[in-house]
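Open the model in your viewer and keep the selection panel at hand. The stops below go from the ligand to one loop residue and then out to the whole chain.

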Amino acid sequence: MAILYNPQENIFHLQTDTASYIIRVLKSGHLAHLYWGKGIRNSNFENLLKMQERASFSPNVSGSDKALSLDTLPQEYPAYGNGDFRTPAFQLKLENGSTITDLRYQNHRIYSGKPKLEGLPATYAEQEDEAETLEIDLFDSLISLRVILSYTVFKNHNVVARSARLVNEGPQQFKLLRALSMSVDLPRCDYDLLQLQGAWARERYMERRPLAHGNQSIESRRGASGHQLNPFMALLSKNAGENYGEVYGFSLVYSGSFIAQVEVDQFDTARVSMGINPFDFTWKLEPGSSFQTPEAVMVYSDRGLGHMSREYHRLYRSRLCRGKHRDSSRPVLINNWEATYFDFNAEKILDIAREGANLGMELFVLDDGWFGKRDSDNCSLGDWFVDKRKLPDGLKDLASKVNQLGLKFGLWFEPEMISPDSDLYRAHPDWCLHVPGRKRTEARNQLVLDYSRKDVCDAIIKMVSDILSTAPVAYVKWDMNRNMTEIGSAVLPADRQRETAHRYILGLYRVMEEITSRFPDILFESCSGGGGRFDPGILYYMPQTWTSDDTDAVERLKIQHGTSIVYPAGTMGAHVSAVPNHQVGRSTPIETRGNAAMCGNFGYELDLTKLSEADKAAVREQVRTYKEIRHIIQFGDMYRLLSPFEGNETAWIFVTEDKSEAFLTFFRVLAQPHAPLSRIRLEGLDEARNYKLEGMDLIMGGDILMNFGLNVPELQGDYASFSLGLKAI
Ligand code: DGJ
């Protein structure tokens, strides 16, 4: 890792172990992008930038240099209005109504470490020597606008983390119309775009399409990252697959409305940019104030998608997630949601917890319905006081009894919401997002609290903290079950109303920071109707996320496979639920439900008291196995061997960093008559070592397992699967 500066040529060379990213300051002061790809030696890069005169429809910066046109120049943070007709990285409106800006290089700094982004989540370095940061100051001298571009490279991670800070150093007031986190111009466009699309209960399906001329984008206008499109995008060379070909990954560390786009221009170059969605966004930038964009994390891989994913996994696991639980084994949990929904009392809860303890589980989670008068989803959000009708002896008593059974106690909250039928709403009807005179659109019978307001955030911090300090709570499930409508705040002036959605996210981050640091021992899991806000921004505060409300084992193959494109298995909540499955009505064997759920943070979400003795025996065995292998899943490297998006079979293997242990899972969705014999080639093992295949009484060489492969044992029936532990001997 290094950031090298050549003052003669005015060139910056950002080096990771495997990639190079090269930027040049032109004589005109424009910041040009020269190269991003496989690592190259530091040498003379003077000739990398080829410029040539174009027709007059590509205007020139100066009459004396007809080859320099912003319309064709590959740039790092393009402005709007003076010759570049492609998508700008930022745009602002001046007091005179103009939206034209002109940025030129002013100076730069290279230093060890990585500073925090004010008020925003971001990747971090624990020691100064783990990372190097380059800051480049661009300046518009007419209006005294400074844009500070920040680039960080890490010692053990092949990524470039980028963000921008816009500072108003002049006397006039600006209105920011757009402030993206990154922009880069790639010299080619023969790529496919990979996105993760979905819906509630069907999150993060892989979707690949060829780039075409013009703009192609994915975005959210929901005020949250959303189930529909994840704040991630990759460009894949045409031949790229799981293990080969060039891939460029872009991941945004942000939880609100975002955009990620690629514009292919007339000369077949591709401008990639990403950041806060400019749709319905403006930000007033007063003299002396600044605006910090979220961080975009960019990965180049010359070894396909699998390698890109593992780069994200390692970075996000160790330098995005934080706190005590980042490196601790995550408990096997039992959650009562699908067992009882809102219909429970203390006895029922203790019955389930008791059974969980008998089966070896470690944490009981009390889900929705313990507070206010919440017998259905139509009331009480905001009234965070225990419902004595259901729990007459209170939460502390229940939690202590659960503890006495040998389980830790976890609790569900939905702190960003308010039910119109709640004491909180009756007392503070202006505490929700709303626009005066307009109907307040409800979703799941609830409204969104106005987290752009400091007083609302402070009140919620207090309410949640009060509960967490009165009962021995070891885990919190932080849910969020609707998106924003009528986005407006009662306390912002008219010219700041369009700041509300981003201010909400800043408020949310402050609330999460405050609560998680007040209760460092609690394990926090985020949730949004399953995986509706599974993004890197939230992972900074809460190291795991409920992956999807869909717990059907077959559905989970696609959901977990797609999620793993960016996010490590140790961030994914994965539970075994009852059959027929509550979301899709399918009945799959308990073994297959277990094998799928064991590929994440394992748990159960069903009425354990109703299980047959045979199922209980299977569950006991699953819990025992998971405890033995969870360090491999939670902290190892994942290799996707067979994709559920491509066929009837799915296989994943998880391998510890030292390659001494591995855990393989294989799934066949539908049985086939007279099927061909399957053999899977494993990955990630040490070719030079021998591995014991647990339960098979077999020892095989890593080289054989990875090159010849493993013969898949005979499987019977639909939805069949097997799992296998491997230990180097
Ligand atoms: C949505 C979550 O995804 C579920 O797991 C459950 O917690 C419900 N909300 C409770 O309302």
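Start by selecting the ligand and N481: a nitrogen atom of the ligand lies 3.5 Å from an N or O atom in the N481 side chain. The protein covers 98% of the 290 Å² of accessible area that the ligand has on its own; such areas come from the Shrake-Rupley method with a 1.4 Å probe, and for residues only the protein chains shown count as cover.

This is a predicted model, in which local features need pLDDT of at least 70 and side-chain atom pairs count only at pLDDT 80 or more, while totals for chains, interfaces and linings use all residues. Residues are numbered from 1 along each chain as its sequence is written, and side-chain values use heavy atoms, with hydrogens and water left out.

Next, add K477, where the side chain has an N or O atom 2.7 Å from an oxygen atom of the ligand. Then add R444: an N or O atom of its side chain is 2.9 Å from an oxygen atom of the ligand.

Now show the whole shell, meaning residues with a heavy atom within 4 Å of the ligand. It holds 13 residues, and the closest are D367, D368, K477, D479 and D549. Coloured by class, the shell gives six charged, three polar and four nonpolar residues. Here Asp, Glu, Lys and Arg count as charged, Ala, Val, Leu, Ile, Met, Phe, Trp, Tyr, Cys and Pro as nonpolar, and the others, Gly among them, as polar.

Move to S452, in the loop between β25 (447-448) and α6 (454-470). Helices (H or I, at least four residues) and strands (E, at least two) are DSSP runs numbered from the N terminus. Is S452 buried or exposed? S452 has a relative accessible area of 17%, so it is buried (under 20%; exposed is over 50%, partly exposed in between, with a 1.4 Å probe and protein chains only).

Draw distances from the S452 side chain. One polar contact, of 2.6 Å, goes to the side chain of D450, and another, of 3.5 Å, to the side chain of S489. A polar contact is a pair of N or O atoms within 3.5 Å; within protein, one must be able to donate a hydrogen and the other to accept it, and residues adjacent in sequence count only if both atoms are side-chain atoms.

Finally, zoom out to the chain, which has 12 helices and 38 strands. Of its 729 residues, 63% count as buried. Along the principal axes, the C-alpha atoms fill a box of roughly 85 × 70 × 45 Å.
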